[in-house]
Structures are given as C-alpha cells and as structure tokens.
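Got your viewer open and your mouse ready? Here is a tour that tells you what to select next and what you will find there.

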Protein chains: 2
Amino acid sequence: MKQSTLFGRTLRDAPSDATTPGTQLMLRAAIARPLAAGLYTWLPLGFRVAEKVEQIVREEQNRIGAQEMEMPVLTPAEPWKETGRWESLEPITFRTADHNGREFMVSYTHEEFVHLHAKQEIQSYRQLPAIVYHFQSKGRDEARPRAGLLRVREFVMKDAYTFDADQAGLEKSYEAEHGAYARTFARMGLDAISVESDTGAMGGDVAHEFQVLTEVGEDRIAICTNCDYRANLEKATRKIAPQRSPDAIPAPTPVATPGTTSIEALEKALGLPASAFLKTLLLRTKDGVVAVVLPGDREANEPKQDTHLRDVVPGRDFGGERVDVHDVREGDACPRCGGRLEIKRGVEVGNIFAYGTYYSTKLDATFLAEDGTRRPFVGGSYGIGIGRSVQTIIETHHDERGIIWPPSVAPFHVHLIALPSSDPDVRAKSEALVAALEREHVEVLYDDRDESAGVKFADADLIGIPLRVTVSKRTLKEDKVELKPRARADAELLPQGDAAGRIAAIVRGWPDLPEMGNR
Amino acid sequence: MKQSTLFGRTLRDAPSDATTPGTQLMLRAAIARPLAAGLYTWLPLGFRVAEKVEQIVREEQNRIGAQEMEMPVLTPAEPWKETGRWESLEPITFRTADHNGREFMVSYTHEEFVHLHAKQEIQSYRQLPAIVYHFQSKGRDEARPRAGLLRVREFVMKDAYTFDADQAGLEKSYEAEHGAYARTFARMGLDAISVESDTGAMGGDVAHEFQVLTEVGEDRIAICTNCDYRANLEKATRKIAPQRSPDAIPAPTPVATPGTTSIEALEKALGLPASAFLKTLLLRTKDGVVAVVLPGDREANEPKQDTHLRDVVPGRDFGGERVDVHDVREGDACPRCGGRLEIKRGVEVGNIFAYGTYYSTKLDATFLAEDGTRRPFVGGSYGIGIGRSVQTIIETHHDERGIIWPPSVAPFHVHLIALPSSDPDVRAKSEALVAALEREHVEVLYDDRDESAGVKFADADLIGIPLRVTVSKRTLKEDKVELKPRARADAELLPQGDAAGRIAAIVRGWPDLPEMGNR
C-alpha cells in the first residue's frame, strides 16, 4: 500500500487527554480515531492489526473445534427479562425500541440468545459437546470511557459458548478454552496470566480472567510470590493468622472515646494499630441494608459483598455470619501456601466463565440425554476484547519513539522507504522491490511520499512495522538496500538482487503468523 | 467439519410464514435463524457463505485501491443533525441515548462520519483520490420485515466512500466502483444488472442500483427491449407521444357527469379510455399540499414527487409546471430509443450514489486544493447488502430439492457421505479421504451421522454443496468412491487412491473462488 494515499495521518503530538503511553501512540500512529467519547473508528492501519488479532483468535477457536456463527447486535428484550438481566444490566447498557414500542438491547453478551439457538439446533446428547463463537460489536454505557481502546462504549468481542451434557463435560470444555486462550494471547505477543476472578453479571461459580500486567491497568491482581495463586482483588482472599483463644483475652471493658468517629482517630487516642479495632459498616444491597464488621485496617470489597451475601436473611443470620468481604493487600499471606502476596495492576484482555445450568434452567434450554430424560445444557462463556487486546499490545510493546509490533499482528511486514521518492531511479528500484516482495506474500507499506528522511524515519519508528527497508541514492550506489528491524538498533545492507528473497525468508521464519487469505 | 456436531439442523418443512422459495430453503438448510422479526443469526453453514460473499466484495474493493477500515455501530446525533438526516431518517432508524441523555443512532449508513474522518486525515489534494470501505451492521426499523434475509431490521452492509478533488475525479471513482460491482456480483453467481435509480435519502443526482431479476423482488424495473435503458420504476420515464396541436382540438365543453367520482366511472359513462381524461391529485409533501394533474390512466410515483417538486412555491409555480411524476408501464415507449419497455421484478443487491459535495459542504469537509484554496470533497457512496446477496443467490440457484450453491460461495466444496458410518471400514476410508482432501485445501462437510442413505442424500441436496462424494460398502467393494455434482444428475465412480487428487483438481479449477485464509 502506498503511504501517500494512506487514509490516516500520523500526528506529531498526541491530544492532551490521551493519558496512557499506549493511547498516545495509538492516536499518533493513526491506528484508531474517536468519533465521540468511547466510540472509535479503526483507521486502515489499525484495522489490519485488529483483523490479525481476530484471525489468531479464530484459528485457536477453530483448533479446539469451535464453530463460527454470528448473532445480531440488536437483541429483543424478552429473553433478557426471563433471566433477570434486562433489569440488572440497565445501568451499563444501551436500549432502543422500534416504532411499535418493542424494546431491544444493544448486545452486551449473548448467553440468552445462544441458549435459545442451542435449544432449537441441539436435540440430543449425540450432538454434544458443542462450541460456537462469534465476533460481534458490544455496547457498554461506560460513564467514564478512558485510556483509548481500554475502556470504550462499543467494541468487538469474540464470545464463545460451550454446551455440554454434564459438569465433567463442562470442565473439559472449560479447560480446552483455557488452553486456547493461553495460545491465543501468546501468539499475539501478550504475556497474559490466568487469574481467579469474580463471576459478576455472568452467574455461576468458576471464572478466570486473562490479565496482562501493566501499570496502565485498572484491575489489581494478587499474585503469590511462592506458589501459582493469582486472583483479581475482587476475588482474592488471604490466610488469616490464628486468633488467640478467647480465654486468653480479658472480658470487654468500656473505653471512653469522646469525639473519635474514625479508625484514624482511635489509633491516635489509644496508641494501638488500626488492625487492633473492629469497625462496622452499613452497606445498602439489593436485599436491604447489611451490617459488616471488619478489622479496622480493611476495606469492604463490594463485588464480594454482592456475591457472598445474597442469601443473608434477617432473623436467620442476623446474629452474624463469617464471610469473606474484606480486601487483600500487598504483603498479606497467600490463602493457598501462606507465601507473601504482591499486588500488581493488570488489563483484563479475556475472561472465561463456567456458569453451568444458570441460563439453561431459566430459559428451559434442554436436550435429550442418553438415559431418555430431558436435561438442561451445562455451559460456559468465553470472551476476548479485540480493541483492548490491540491497545494492550501497544502498551507493552513500544519505546519512546513509537510502537514495536510483534510480527504476528503488525499492520504490514515491511515498511519500504524511498529516499528521495522524487528520484526516478530510487522510485523505479523501490517499486520493483515492492512488487517482488508482494509476489512473495510479504505485506509492504511503501513510503512514496515527498518528505524528508527525518520525517519518514520518524514515522516508521512511530508506526512500528517490524522491518524497515530503505532504498536510497546512497545504498543504490553500492547496488544495495538497507534493512533495519524496528526492535534493534543496527542496520545491515543487502545486495539489491537478493533483497526480496532474503526479506521474504525472514518473514516466513516468523512464528505465530495468522493465515489471512487475500487482504 | 463433522456433520454430527454441526450447530444447525436441517428442517423437513419450512415454517409457514416463509413466503419465498429462497426463504424456505434458507431456513430448512440451517443457513440462518430468526431471533425476532427481521433479526437473524447466521448459523455456521450460513456464516461460511456470508464470509465468502464478504471476501469476494473485499477482494474486488481492494483491486480498485480501496482501503478497509471500520466505523462504529453507534453514531452520535450531532453530525446527523448537521445534515438534516437525524430528522428525515427518524421513521426508519433505531435511536438510543446514554444515561446522561446524549443521543445516538444505530448506524444507518456512514456518510456523515466518513466525511468527518476525511476532514481530519486528508489535508491535501496530493492524498486524493481516496476510497475507503467497511463492513458494518446497520439498523433499519422496517415496519414489515419480510422474505427472510431480503428485508430485515439489522444487516451487514459493505459501504464504500470515495473522495475526489473534482467532478471528473468522482466520475472516474464512480466508474471504478461500478466496474468492481459488476465483477463482484458475477463472481458470487448473481446476474445483476445496473439500473438508473432514485437518489432517495442519499442526496445528489446520479445513482445506480444493481438488480437481480427475480419474481420475489420488491422493486420493479423498466427494461428497454431494444436499447440498454434500464431504470427502477421510481426513476423510470417514458417517451410521450407528440400531442395534437391545440388548434386541432375544439374549445372545452362541459359534459354532465353526475355521480361519477372516479376515472373508472368516467370511462363507462363516456365510452372513452382512461388515458383520454386528466385527473387531479392533491398530495401532501413536506413543503405543503401540491396539486398534480395526470393522464387518467397513470398513477403518481411518490419517490419522484419527493425528488422533483421540492422547489415548487405557491404563487411562483402555482399556475402549473410540467414535471415527470407519473408511473411507467409495460409497453410504454423507451425514453432513450422509443423501443418497448418491459417491467420486471428485481432484488436490489447493491447501490451506488454520486452525491458530489452534498455532505462535504454541510459538514465543512474541505481539503487544500492544488491552487491553494480550500475546496469541499467531491464524493460518492457504494453499498452492498451481504445477507440480501446470500438469499438472492438462493432465490436464483435452487431446484425443488434444495439449494445449488455457486462454487465460489458454497459453505464447503465437498459433502462427503459415509454409508453407513457405523461400518468401521467405511468410516476409516471416509476419514482418510477427508484428511487427504483437507491437506489439499478442499473444504469438506463430513456426514458421519448415524442416519439412513435417504436422509443423508436429502440433506446433501437441501444444503447444496457443489460436490457430493459417497463412500459406501458398495463403492469400496470396487475400491472406488462415488462423485456427483449437485448441479448434475449423473454420478461417476473414482478409484479410491486417486479420489483426493481428482477432486482437488476439480476444486482448483473453479473460477472466482475467494482466498479465505485459514477459516
């Protein structure tokens, strides 16, 4: 592709509201542009990256036998109402209605609808297990879109759904998706770790997130420095030191604390650490007001609250129930091995949920089991955000001059620079090399612009294509072209006649390339 | 892919509301399923067809230098308001709002937004011409979704946009897209003709539709039997026979017509044909009430009305203006050559609009011209409906037993049938042949189900994959497999050892195949 007519111009400076390094580079390199807060357009360079990320996801889904399909963006309200999510998702979704007043949700995920399809398409246990997936636009009414493509109001997600006959089948499917995710992120250059996570709006008990550790992440992850325990703080627990026997503690005595209304004030007044006190918080939940008693130095973790207290019944449990609702901190003891926990920031690029029969029972989605009875499907869902993956790649693959794309997802393999492009010989030799490379299926962005060497090299560093090839009057004098990998400082000169073959061999040697067809 | 776990089951009978042959076959063959009126899910078989149709469109767009990108589904209200389309599109679009009350439209098309991008990305005439396109979901609040995928409420459209410096450039770009469309439809097996059309909601003067003639179409097309004049009836005109000189006609005389309130009644009362009368219709338009005088045998064509009468001003024009607002009928004279016009039904699978500066002036989208002035972009837009194309292919490629896919868009190349699949030898030989074919990049749907020959052959005819290959105890006795093209009645026996190579050679010989990569 000729850079002179490329739709998307590089920017010398990032807009002032671009808060992360990746957002700045994403905008400067013309990967995507906002149309409104949280609504982005992929420009051609970014679209090529997104398509490669998508193709890697597709190949790894197909490898485990998943079948691609496509469900619509607009989804009718009724099935959402049957599962109770029409109401619970209201704060973060977009709704619309037709001119007859029939309501629709801009798709949030598709659990409800894929179950309705499964009910119709899968009649017998003989058709199980089944895995289906699609890439589809999702809407999220984020109050505060931020950090470019990391938190947006519309994004393409790959969501996969597994259907099994029983729990053992689900566990096998879940494991297959877990493995596919590990390969998927590794192939796109992301060092994603799998962490235990809260099931949130999805229902069910078991869930994992794939997190890429980076300072720009919004999530906080507890990681054991000794064993392989890793959990989102929304889910993490700690080992609590054994308490002294009540017999060893004197009977309670009132202590005068006039005017001390905070734990901080108590610490000062009595000369004891915050952890020596108990504090009581009143939290409003959807089942009423709940009183939570915590060590003085801990905060309540609201996702845990939602998850673990929903069955608290005044009268039955009001005397108090020991539940895990407090936060976990750097230095706490690992709940598994007692080792030291570290807290790191991460970006969630994927998540997987084993919800079992949570949806199938609500939607009466059953199949004919081997024993002749009708049973509900046992299922899971599995998401990957495409745009978020692309920006996370940028956040973790750049230097001060620009992006350094992993070859598997780079918009092009080679950035070929003609210097100067006004010179007829340089131009002719450049175009011959572009043609020779393209014959070898090497993807080339050809900088044919009438710009200085400084501008062209700066753009090449910013855009970050793996191989920069320069054809200049100077190199042609020696019958050579210059090859410089973006990730390295040193360049080498290749004989002109050999260049296309040598470069094509390098590209063919790259691991993890997706097979894109004719793009 | 194994048919035993294919997500999507064939139906013996179509639902009673499936009104066209293509809708019936689309549903019976598990191509797509409705989630609600006018909202469809592509099942895996149909998804593969849609992807091939999309890839053919992509390859032909790329061939003329178009660059792929992707704009969002949710589009902010403000730019729509600047062009006046927020209001004019209200009856047929879906709207939503965020929790702060900010309004969005579920994308109808993207002229407004691609102009805003062009304004930012294209600074100088040196970057022109530019063609960009995307595939994106569109919403249409159709009051009466009908005929399966032909008239729906959500569909993926390829929309392309050209930007040029002047009218001559636009004409060149328009011609390039016109050519790409002709190749695109031919490659997917559609005999689409280009017809003059009304510009409707798009603005501008010149527009063409690509119409596939079939009785299930909603559009009516006037086609000259003598020259190449072809126009949608919304746009078509006719040659009107020269009138007799007024001098040859006596002065008007009143004729008593008590109680005759219709043209039909007048015909009877006076014994003259409807065409001998003039009738006056009062039509409510957005600029007020307009009186239209027509020959008694013609109807007013409302799209023409909207288009040609918008500048009628009472007082200035009230005395009467000769405009072309009446309909055209079978047997009328061609406006170009005077030949006989035929009227045929058609499905519009694509449309192209040369709107010039209609959007760029409203949105102040300008570039720096060669003479140093700022000028508005001169543009056009170009749409193809993917789902409608798929169903139109079915409507025009089937027999009484099922679909007959053109090889370029078939979900698989080969339908391999094991008979019976319970026989270990049949099964082993079938699976070896599937593997050998897949190594040659032949796409195989493998019917490994425990079903009768009758059921399997009926499904093969219904699904319509180009080559049916049967591996049975009978054929294996002769060390052969049976090959039968879906489009032909006769089968042939191939030596088993040769079969993969022979079949792969047939597939490689098919023209027009899209290059799909690893799907």
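Start by selecting residues 480–485 of chain B: this is strand β24, and four bridges tie it to β25(B), with the two strands running antiparallel. Remember as you look that this is a predicted model. Between β24(B) and β25(B), the chain makes a hairpin through six residues.

Now show the individual pairs. Which residue of β25(B) is the bridge partner of B:Leu483? Click on B:Glu492 and you have found that partner. Next, pick B:Glu482, and opposite it in β25(B) you will see B:Leu493.

Zoom out a little to see the sheet these strands belong to. It is an open sheet of five strands in chain B, ordered β22-β21-β23-β24-β25, and the pairing is mixed. Color β22 (444–447) and β25 (492–495) of chain B to mark the edges, where each strand pairs on one side only. Step from one strand to the next and the twist averages 25°.

Keep the sheet on screen and add helix α11, residues 424–439 of chain B. The helix packs on the sheet and touches β21 (414–419), β22, β23 (467–472) and β24 of chain B. Compare directions, and α11 makes about 165° with β21(B). Then add helix α14, residues 496–508 of chain B, which also packs on the sheet. Its contacts are with β21, β23, β24 and β25 of chain B, and its direction makes about 115° with that of β25(B).

**Two crossing helices**

Stay in chain B and select α2 (residues 44–63) together with α10 (residues 386–396). What angle do their axes make where they cross? Roughly 110°, with the axes coming within 10 Å. Angles of 65 to 115 degrees count as roughly perpendicular, so that is the word for α2(B) and α10(B).

To see the meeting point, show B:Gly46, B:Val49, B:Ala50, B:Val53 and B:Glu54 on the α2(B) side. Facing them from α10(B) are B:Ile386, B:Gly387, B:Ser389 and B:Val390. Color this contact by class and you get five nonpolar residues, three polar and one charged.

**A phenylalanine with a visitor**

Next stop: B:Phe113, in helix α5 (residues 111–121) of chain B. Is it buried or exposed? B:Phe113 is buried, because 22 other C-beta atoms lie within 10 Å and 20 or more is enough to count. Apart from sequence neighbours within four places, B:Phe113 is in contact with B:Met71, B:Thr75 and B:Pro79, plus A:Leu35 from the other chain. Also find B:Leu363: it is 250 residues from B:Phe113 in sequence, but their C-alpha atoms are 9.7 Å apart.

**Where the chains meet**

That contact with A:Leu35 is a good cue to show both chains. Here 53 residues of chain A are in contact with 52 residues of chain B. Elements giving two or more residues to chain A's side include β1 (32–36), α2 (44–63), α5 (111–121) and β7 (130–139) of chain A. Color that side by class and you have 23 nonpolar, 17 polar and 13 charged residues.

How are the two copies related? A rotation of 180°, with 0.0 Å of shift along its axis, superposes chain A on chain B with an RMSD of 0.1 Å. That is the relation of a two-fold axis. The same surface serves both copies, with 98% of chain A's contact residues recurring in chain B. To find the axis, select A:Gly517: of the residues of chain A, its C-alpha comes closest, at 1.7 Å.

**An enclosed helix**

Now go to helix α1, residues 21–28 of chain A. Six of its eight residues are buried, so α1(A) is largely enclosed by the rest of the structure. Those buried residues are A:Gly22, A:Thr23, A:Leu25, A:Met26, A:Leu27 and A:Arg28. Turn on the cover, which includes β1, α10 (386–396), β19 (398–399), β20 (402–403) and α12 (453–463) of chain A. After α1(A) comes A:Ala30, with a positive phi near 60°.

**Last stop: a cysteine in a loop**

Finish at A:Cys334, in the loop between α8 (302–308) and β15 (341–356) of chain A. A:Cys334 counts as buried, with 24 C-beta neighbours inside 10 Å. Beyond four places away in sequence, the residues A:Cys334 touches include A:Cys224, A:Cys227, A:Tyr229 and A:Lys239. Select A:Arg238 too: this residue is 96 places away along the chain, yet the two C-alpha atoms are separated by 5.3 Å.

Definitions and conventions
Residues numbered from 1 in each chain as written. Chains lettered and ligands numbered in written order. Predicted model: local features only at pLDDT ≥ 70, side-chain atom pairs only at ≥ 80, totals over all residues. Buried ≥ 20, exposed ≤ 12 C-beta atoms within 10 Å, placed from the backbone. Contact = placed C-beta atoms within 7 Å. Axes fitted to C-alpha atoms, helices over the stretch in contact; angles between N-to-C directions. Parallel < 35°, antiparallel > 145°, perpendicular 65-115°, else oblique. Nonpolar A, V, L, I, M, F, W, Y, C, P; charged D, E, K, R; others polar. Least-squares fit on C-alpha atoms with pLDDT ≥ 70 in both. Pairing = 2+ DSSP bridges.
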